[in-house]
Amino acid sequence: MPKINLLPKEMAELIAAGEVVERPASVVKELVENSIDAGAKHITLEIQRGGILYIRVTDDGCGIAFDDVPTAFLRHATSKIRTTADLERISSLGFRGEALAATSVVSKTEMFTKQKDDVFGTHYIIEGGEEKLYEENGCPDGTTIIVRDIFYNTPARMKFLKKDITEGNYVAAVFERIAISHPEIAFKLIKDEKIALNTSGDGKLFSAIYSVLGREIASTLISLEAGGPVSVSGYICKPAFCRKSRAVQYVFLNGRYVQSNTVMAAVEQAYKNSAMVGKYPAFILNIDIPFETVDVNVHPAKTQVRFSDEKRIFDAVYIAVKNAIVAKDTRPEIILNKKNTSFGRMSAEEYRQEVAKIPPTPAEKAYGLTKPTQKPTEKPVVNKNNESETSVVFRSDNTPFFERKDVKEYLEKTKSVDVNIKVDEKPTEIQKDLPKEPAIEKKTVDIDSAVDFSSEPKFIGEAFSTYIIAEMDDSIYLIDKHAAHERINFNRLKSEAVNESQQLLLPVNVRLGREEFDAVLQNLPLLSKAGFDIEDFGNATVLVRAVPAMLFSEDVADMVTEAAKNILLKGIPESEKLDRIYHTVACKAAIKGGNITTKAELENLAKTVLADKEIMYCPHGRPVAFKLSKREIEKQFGRIV
């Protein structure tokens, strides 16, 4: 056996540093967390070349005393824990005492730090773990740490780094998560001399989310808050805005960003039957629990945690998210694009220019008339009724039409003509056959005040034999009749302990694949609970004697086959399998798009949907209805801006 040797100090430090510093983002995380623990209210991060060349973290925290600076760069040197008992109640972000030591071993590190009451600050330089400079220096309160040339002395680690832009994105991701977790701190990120992020530090979580994630995501969020031993607060997206990936999922445990399968599963379970299949909710959750009920000392990066009671955390998150969805989710609203027409809201001059572009008509050519291309200098023409003409037609020499000599002569000749033609009171034979026009009562009507909106849905009609159109309050609703009926059926099935069955006149034999056959036989109690009466008929065939009562003249073979496929997956809980069976039954029993439906049925369906906030999405997550507000319609017609 080879001889066992003690590793040199330098080698041991490099190995230890590798556990903490994987890339520039690792350094940023540790340094920024130290700034937060120091009580900083403003933290600025500047990086160059993705942090490989240059990292600078500046804060206005408490600073470090002159005598403590060299000690801070030693391994396992920390001010955050003292006794074994402190490990059971870790409340700070950093506590291992390895951040500065690990960073200084693989880089060229420089520190400026000063406490508030000290006259002078400290300037300290350490490269590759070796002290280069240690002196008093004039500097502002707080701490500035500069890290240059990461892995300059470990080329084997350097070659595993990605491109500068990729490493910069890793750094930004870490910094953004920290910025969201502490909205009371103003964060600034400068990448290659350009400001990439700037939060207000006003203490409002939504402000931090808006700054980091942008308006598009922030506008889809709803807030939640649930107190108790496990406090859950934050924001979740509306089910209609779930995304194709889990990229926007943030969990902060006692102010620390963590990755937790327990929390993720609880959130996604709460969205089940509301989110579209294959999409994932966006959420930003703050979970506060007693420090002694969680172990954060699991991984050097401190992103993995272990709970003393996983079920308690799961239940608290699930209930908080589910309640928020039920209470605050609203129907998706249709936002139309702004109407854009050639003559919409243009000035008189712009209008004349547009009219001038229209080719002249044959009559205009014959009389030598042209379109108005400029504002006339003449006074407005007044007709014989003392009314101003609203439009003036020009000749090519810009002479107004009614000022022309030939036109004036014609008008003089026609002045003596009596245009008041008298008609005999006795109607002609032709006039006898004409219907008498009713008298019209003239009155002014205010359209908005004349409309009597109520909370009772008003059925308008159906489009494409699929979408119900209904009016309620100040909005029009488009309702997918299949999705709506499917959700109503699904809710009915889930509300019954055991669903009613209807016996088939003749049992139906259904031939299944071997896997589907096994799935049906293993889940006969669940199928029975849903209303099926199925038994083994041998040779991969089942005998169906009864189906759920809500089904009529459906293809039993297709229905049982689809139900078998939906419960085929292994490892899913029994409740999930039952929901899958309910999905199949609800879908098969629902009205289909394109089916002929009576007006009474459509009216009843519209009233049911608009009266029940739980009927928001079909079991597969598609929206049941969209809302188009009166205001949005009026904007399209130019009634309002």
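At 38% relative accessibility, R75 counts as partly exposed, a class between buried (under 20% relative accessible area) and exposed (over 50%), computed with a 1.4 Å probe on protein chains only. R75 sits in the loop between α3 (69-72) and α4 (84-87); helices here are DSSP runs of H or I with at least four residues, strands are runs of E with at least two, and both are numbered from the N terminus. From C-alpha to C-alpha, R75 and A102 are 7.7 Å apart in space, with their positions 27 residues apart in sequence.

The model is a predicted one, in which local features need pLDDT of at least 70 and side-chain atom pairs count only at pLDDT 80 or more, while totals for chains, interfaces and linings use all residues. Residues are numbered from 1 along each chain as its sequence is written, and side-chain values use heavy atoms, with hydrogens and water left out.

F252, by contrast with a partly exposed residue, is buried, with a relative accessible area of 0%. This residue belongs to strand β11 (residues 249-253). Its C-alpha atom is separated by 4.9 Å from that of N286, 34 residues away along the chain. Leaving aside residues up to four places away in sequence, F252 touches R177, I180, S181, Y257, I284, L285, N286 and I287, where contact means heavy atoms within 4.5 Å.

I180 also takes part in a helix contact. Two packed helices are described by the angle between their axes and the distance between the axes. Helix α7 (residues 164-181) packs with helix α8 (residues 205-213) at an angle of about 160°, and their axes are 8 Å apart; axes are lines fitted to C-alpha atoms, for helices over the stretch in contact, and angles run from 0 to 180 degrees between N-to-C directions. α7 and α8 are therefore roughly antiparallel, the class for angles over 145 degrees, whereas under 35 is roughly parallel, 65 to 115 roughly perpendicular and the rest oblique. From α7 come E176, A179 and I180, and from α8 come L205, A208, I209, V212 and L213. These contact residues divide into 7 nonpolar, no polar and 1 charged.

Turning to the strands, β1 (residues 42-48) is joined to β7 (residues 186-191) by 6 bridges in a parallel arrangement, with L45 opposite L189. Another 6 bridges join β1 to the antiparallel strand β2 (residues 54-59), and I43 stands opposite D59. Two strands pair if DSSP finds at least two bridges between them. The hairpin of β1 and β2 has 5 residues between the strands, and R49 there takes a positive phi near 50°.

An open sheet of 4 strands follows the order β18-β19-β20-β24 with antiparallel pairing. Its edge strands, β18 (458-463) and β24 (625-629), each pair on one side only. From one strand to the next, the twist averages 25°. Within this sheet, β19 (residues 467-472) and β20 (residues 475-480) pair over 6 antiparallel bridges, and M472 has S475 as its bridge partner. Helix α17 packs on the sheet, touching β18, β19 and β20, and its direction makes about 75° with that of β20. Helix α22 (residues 599-611) lies across β18, β19 and β20 too, at about 60° to β19.

α17 (residues 481-495) further meets α21 (residues 574-589), their axes coming within 8 Å and crossing at roughly 135°. That angle makes α17 oblique to α21. The residues of this contact divide into 7 nonpolar, 4 polar and 3 charged.

Technical notes. Nonpolar A, V, L, I, M, F, W, Y, C, P; charged D, E, K, R; others polar.
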